Amino acid sequence: AFFWLVSLLLSSLIWFIAVKASNPQDERLQKGLLIFGVMFSVLLQEAFRFLYYKLLRKAIEGLVALSEDGCSPISIQQMAYVAGVGFGLMSGAFSMINLLADALGPGTVGIHGDSQLYFLTSAFMTMVLIFLHTFWGILFFHGCEHRRWWEIAAVVIMHLTVSGLSFCNPLYVGSLVPSYLLMVAAAAWAYLLSGGSVQNLRRFLLCKC
Amino acid sequence: MITFMNNSDSEEEPCNERTSLMSAESPPVPSYQDGLQASEAGEAQAHRKRRAGSSRGPNNIAGGETSASSVPVRESTLENEEEELTLKYGAKHVIMLFVPVTLCMIVVVATIKSVRFYTEKNGQLIYTPFSEDTPSVGQRLLNSVLNTIVMISVIIVMTVFLVLLYKYRCYKFIHGWLILSSLMLLFLFTYIYLGEVLKTYNVAMDYPTLFIIIWNFGAVGMICIHWKGPLQLQQAYLIMISALMALVFIKYLPEWSAWVILGAISIYDLMAVLCPKGPLRMLVETAQERNEPIFPALIYSSAMMWTVGMAKPDTAARGPSQQTWDAAEDGREHLRSPSHAESQMSDTRSPVPTRPITSLEELEEEERGVKLGLGDFIFYSVLVGKAAATASGDWNTTLACFVAILIGLCLTLLLLAVFKKALPALPISITFGLIFYFSTDNLVRPFMDTLASHQLYI
C-alpha cells in the first residue's frame, strides 16, 4: 500500500508540473496531459511493484537465514498475494473514498447531464481494479521469480489496457465489460499459476475432501 | 520511545548478579525502548501532557539464576534463540502496536469529522502566545516559529524537571503530578468531550446521569491506570486519554504552528533519546540502573505479564512501580526463554520460606512486550487529526498520512529489533506523515480530482 502511495505521489508530481507548465486554457492539451499522466502513473505503479518485489525477495532471504528449519514462514506466493491486495486496496480506497463521502451528503447524480450511473459504475470499476491488482500481483511476482519476462509484460499491458479503457467512460460498456473479461482471464491465469486446477475447483465446489 | 520488555519488573533477589549478567550477554534479550515524550501536566490550565517514559531493560531471561555457572551455558544458546524469537515475535508486536495506534487515530478522525467543536477556533493556549491572524505570510511564519520555540522550551523544561525529580527520588511528587494530570484528563476533558458529542447529535442528558457516567468512567480509569486492572481495560483507557489530549491539541494549536511544532518535536525526540545527555535517555538509563518500571501512566504496553505478590523489602524502589498487569487468560505464548525462568523460579520457590529476600513468589509466565510512549500516540493522532481537519483533499490526505505513520512505526520497530535499545518513535513516522500530508494535499489531490471528474482509473 505504501509503495502504491509513493508511486501515486511521484506520478502526480510529474502531472502537476506538466500542468503548471502548460496553458490552462487549452482543453485538448489538458486532456492530452491527463492521458499522459495516467499512462505514466500506470508505468510507475508497475515499476514500484517491481521494487517491492525486490524488497520482499531480500526480506525472504533474511527470514530463511534466520529460521530454524531453513524455510521462511511466509512464502513468496503469499507475499505476492498480499502485495497485490495492498496495491489494490490503496488504489481502490483512493478512488472511492471521496466519492463515498460525497454520496453521504445531499445531491442528485448526473444533474448536469452526466451519466446517472456514476456511483454504480465507479463502484464496479473500483472493484474490478482491486481484483485485478491482486491478480496482477500474483502474476507479476511469479514472472519475476521464474524470470518469465513475458508475464511481466503481459501484466503491464493489461494494466495499460484497463486504464486506457476507462477513457471510454461514460460509454460504460466500453470500459466495464472488457475490464471484467480481463479480470476473469487474469483470475484464471493466477489460479493456475498458484497451483490450482480444474480438479481442485471441482472438489472445492462439491465440498469433497 | 519504544521499549521491549522481556521481563516484567520482577525484582529478583540476585539483582547484582542480574545486572552483571546483563552486561555479560550483550545482544540477547534487549531492552527495547520506545521513544517517550516527557510529560507535562499539573497546572490547572495545563492542557498539554507529555509522557515521559523510562524503559526497562532488566533481562530476566537468563536472569534470575542464582548460579553464575549455568550462565555461560545458557548464554550462547540464548543468543541464537534470541535473534529468532526477536524477529518472530517482533512482527507480532508490530501488529500489537498497530492496533492501538489505529484505534486512537480512528477515534480522533471520527471526532474531528463529526463534532464541529474541535475544528472551531476558540483561542489559543498560553503555550503558543503568538497569534496567527496576521495579514502577511512572513509574519505568520515568524509567529509560528516563535510559538514552536516557546512550546519546545516548555517541554524541555518540564522534561528536565521530571528527570531531576526522578534522579533525586522524589517519587511522591512525580506520582502526585501524574495523578493530578490524569485526574484532569479523565474528568474534565471527558466531560467536555461528552458534552460536545451530545450537542452534535442533539441528545439530551440530565446532570445526575452525566455525573454518574463521568464519575464511573473517571474512577475506573484512575484505578486502571495507576493501580491494578485488566490489561485491555488499561490499554483502552490509555488510548482514550491519548485521543482526548490529541483533540485538545488539534483544537488549540493554530494551523502553521501545529505543523512546525510537529516537526520540531520529532527533532527534539531524536535528540532527547539518542544524545548521551538527553533527558529522556537519562531517564531511561536511571530507570534501568534501578531496575524499576516506568511510570504507569506514561506508557502503553502491549505485553501481558503474570506477576503475583511481589514481596520486595526495598519498598522505595517498589513505590512507583505499580504496573497494572493482570493475569489474562488468553493467548499466552510459551517462549523458550521464559520457561527457563520458570524452571528457575520453581527451584527458588521451595527455598522461599527460608529466604526472606526472595522477591517473587510466583512468576508463571512472561511475554515480551513492546512499549510505546503515550506522547507518541498523541502526536501521531494530532498529525492525522490535523490532516482530517484542515486538508481540502479530505479523506485521501487522511488516508495517506495514516499509511505513512504506520509505515514509519514499522520501520522504527525494525530499527528497534536491530539496535536493541531505546529509540525515538516520533521522527520517522512524523517525517513520513508530514511529507505525505503536504504532497498529497497539494500534488495528489488535483490529480485525483481531475481523474475522478473524468472517471478515469489508474
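User: How many salt bridges does the rule find across the interface of chain A and chain B?

Analyst: In this predicted model, the rule finds zero salt bridges across the interface of chain A and chain B, and one residue pair in polar contact, with both residues at pLDDT 80 or more. The area buried between chain A and chain B is about 3,200 Å², and carbon and sulfur atoms give 73% of that area.

User: Which helix of chain A gives the largest share of the side that touches chain B?

Analyst: That share, 11 residues, comes from α1(A), while the contact as a whole takes 37 residues from chain A and 33 residues from chain B.

User: Why is the pair of B:W259 and B:Y437 called stacked?

Analyst: The ring centres of B:W259 and B:Y437 are 4.2 Å apart, with 20° between the planes; a pair needs centres within 6.5 Å and a stacked one needs planes under 30 degrees apart, so the pair of B:W259 and B:Y437 counts as stacked. Both B:W259 and B:Y437 are buried.

User: What makes the pair of A:F3 and A:Y52 tilted?

Analyst: The planes of A:F3 and A:Y52 stand 50° apart, at 4.7 Å centre to centre; because stacked requires under 30 degrees and edge-to-face over 60, the pair of A:F3 and A:Y52 falls into the tilted class. A:F3 lies in helix α1 and A:Y52 in helix α2 of chain A, so the pair ties together parts that are 49 residues apart in sequence.

User: How do you know that the charged end of B:K251 sits over the ring of B:F117?

Analyst: The charged end of B:K251 is 4.0 Å from the centre of the B:F117 ring, and the distance limit is within 6 Å. The charged end of B:K251 also sits over the ring of B:Y252, 5.5 Å from its centre.

Methods. Residues are numbered from 1 along each chain as its sequence is written. Chains are lettered from A and ligands numbered from 1 in the order in which they are written. This is a predicted model: local features need pLDDT of at least 70, side-chain atom pairs count only at pLDDT 80 or more; totals for chains, interfaces and linings use all residues. Side-chain values use heavy atoms; hydrogens and water are left out. Rings of Phe, Tyr and Trp (its six-membered ring) pair if their centres lie within 6.5 Å; planes under 30 degrees apart count as stacked, over 60 as edge-to-face and the rest as tilted. Helices (H or I, at least four residues) and strands (E, at least two) are DSSP runs, numbered from the N terminus. Buried means under 20% relative accessible area, exposed over 50%, partly exposed in between (1.4 Å probe, protein chains only). A charge sits over a ring if NZ of Lys or CZ of Arg is within 6 Å of the ring centre and within 35 degrees of the ring normal. Contact means heavy atoms within 4.5 Å. Buried area is the accessible area (1.4 Å probe) that two parts lose on being put together, summed over both. A salt bridge is a side-chain nitrogen of Lys or Arg within 4 Å of a carboxyl oxygen of Asp or Glu. A polar contact is a pair of N or O atoms within 3.5 Å; within protein, one must be able to donate a hydrogen and the other to accept it, and residues adjacent in sequence count only if both atoms are side-chain atoms.
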